[in-house]
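Subject: Structure handover

Hello,

Here is the structure for your files. My notes on what turned up in it follow below.

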Amino acid sequence: MRRILCALLLLAGCATIPQGPAPAPLPAVFSHADFDAVLQRFVDDQGRVDYAGLRADRGALDRYGDQVAAWSPDNAPALFPSRDDRLAYWLNAYNAAVLRTVLAYYPVASVDEIPPWLPSKFGFFVLQRSTVGGETTNLYTLENAVVRERYKDPRVHFALNCASASCPRLPRRAFTGAALPRQLDAETRRFVAETRNVRVDDAARIVWLSSIFNWFVPDFLDWPPLSGRAGATLLEYVALYAEPAQAEALRRAAAYEIRFTPYDWRLNDQAL
């Protein structure tokens with residue numbers, strides 16, 4: 001009886017974000033224009049979201065979500081001819097799913113409150129489900145089994161936004177295949193440049209890094225030109241995307257202790 005009750009509780013928390021009818025026939029192109037419009041209108045320069053405004057006028061986000069629900073590189077490969085087209089799709093699909101998941105429970109102060117009966121990030125990243133390319137999935141699977149596993153590019157960690165204060169800023173433009181290499185470099189450089197993510201304390205001989213660097217160490221050290229080189233360090237990876245003065249400070253700090261800043265899971269809400 002106890003197992004049955006637990007199973008029912010889990011099912012109750014596994015909310016699937018509603019999707020509209022699948023478009024037919026297969027479109028000539030897969031457009032990110034609706035999501036781009038959402039980001040430009042409801043996201044500020046700090047990456048914070050006007051969730052109240054978006055909840056009141058969510059038509060473009062839902063249209064984009066319906067497209068994502070119907071088509072993906074897996075079930076419609078002709079729509080995504082290049083690797084960059086495919087990766088751009090998955091990054092946008094993740095970020096859009098995050099927004100729609102938050103809106104399903106808004107107002108909340110943190111993703112820890114999604115769903116409200118399970119105060120844990122497990123509820124947000126695993127139990128909440130979205131339809132992508134006709135398949136039901138969750139944020140954890142999208143990030144780890146699709147984006148990280150298939151593409152093995154650590155810059156994606158600075159393109160995915162999980163609706164929290166310590167996340168990389170949510171970009172104000174959608175990712176596109178044509179611009180993706182430039183966009184990924186720009187997001188990585190922007191993340192590294194923020195002192196909340198990378199800070200050298202010469203007096204204490206400590207380098208403070210975002211917890212993201214701690215959670216995914218192999219991803220960063222397997223990235224050229226560090227891959228395959230014994231003794232490669234996180235600071236060397238960070239220096240690849242740092243401005244010259246910051247890169248020099250990181251080189252001087254090579255022997256410093258590395259500590260990781262506690263993650264702030266408060267919602268990236270303009271109203272907070």
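Helices here are DSSP runs of H or I with at least four residues, numbered from the N terminus. Helix α11, residues 234-240, is one of these, and Val238 lies in it. Please keep in mind that the model is predicted.

Val238

Val238 counts as buried because its relative accessibility is 0%, and the cut-off for buried is under 20%. Leaving out residues up to four places away in sequence, Val238 touches Val192, Val198, Leu209, Phe213 and Leu250. Thr195 is 43 residues from Val238 in sequence, and the two C-alpha atoms are 12 Å apart.

Arg259

Strand β5, residues 257-261, contains Arg259. With a relative accessible area of 34%, Arg259 is partly exposed, since that class runs between 20% and 50%. The side chain of Arg259 makes a polar contact of 2.9 Å with the side chain of Glu257. Setting aside neighbours within four places in sequence, the contacts of Arg259 are Ile206, Val207, Trp208 and Leu209. Leu209 therefore appears in the contact list of Arg259 and also in that of Val238. As for distance across the model, the C-alpha atoms of Arg259 and Asn92 are separated by 31 Å, with these positions 167 residues apart along the chain.The hairpin and α7

Strands β1 (residues 129-132) and β2 (residues 135-138) pair in the antiparallel sense over 4 bridges. In this pairing, Arg129 stands opposite Asn138 in β2. The two strands form a hairpin with 2 residues between them, and Gly133 in the turn has a positive phi of about 55°.

Asn138 also appears at the start of α7, where one of its side-chain oxygens reaches to within 3.2 Å of the backbone nitrogen of Tyr140. The buried residues of α7 are Leu139, Leu142, Glu143, Asn144, Val146, Val147 and Tyr151. These residues pack against α5 (83-105), α6, β1 and β2. Just after α7, Lys152 takes a positive phi of about 45°.

Pockets

The largest pocket holds about 350 Å³ of space. Its lining has 19 residues, and those closest to the centre are Phe125, Glu143, Trp215, Phe216 and Trp265. Glu143 is also among the buried residues of α7. Three helices, α6 (121-127), α7 (139-151) and α9 (211-215), each supply at least two residues of this lining. The largest share, 4 residues, comes from α6. By class, the lining of the largest pocket has 14 nonpolar, 3 polar and 2 charged residues.

The second largest pocket holds about 280 Å³ of space. Of the 17 residues that line the second largest pocket, Arg48, Ala165, Leu267, Asn268 and Asp269 lie nearest its centre. The lining of the second largest pocket divides into 5 nonpolar, 5 polar and 7 charged residues.

Regards

Methods: Residues are numbered from 1 along each chain as its sequence is written. This is a predicted model: local features need pLDDT of at least 70, side-chain atom pairs count only at pLDDT 80 or more; totals for chains, interfaces and linings use all residues. Side-chain values use heavy atoms; hydrogens and water are left out. On a 1 Å grid over the protein atoms alone, a cavity is a set of points where a 1.4 Å probe fits but cannot get out, and a pocket is an open set with protein on both sides within 12 Å along at least five of seven lines; lining residues have an atom within 4 Å of a point. Grid points are joined across faces, edges and corners, and a volume is the space filled by probe spheres set on the points. Ala, Val, Leu, Ile, Met, Phe, Trp, Tyr, Cys and Pro count as nonpolar, Asp, Glu, Lys and Arg as charged, and the others, Gly among them, as polar. Buried means under 20% relative accessible area, exposed over 50%, partly exposed in between (1.4 Å probe, protein chains only). Contact means heavy atoms within 4.5 Å. A polar contact is a pair of N or O atoms within 3.5 Å; within protein, one must be able to donate a hydrogen and the other to accept it, and residues adjacent in sequence count only if both atoms are side-chain atoms. Two strands pair if DSSP finds at least two bridges between them.
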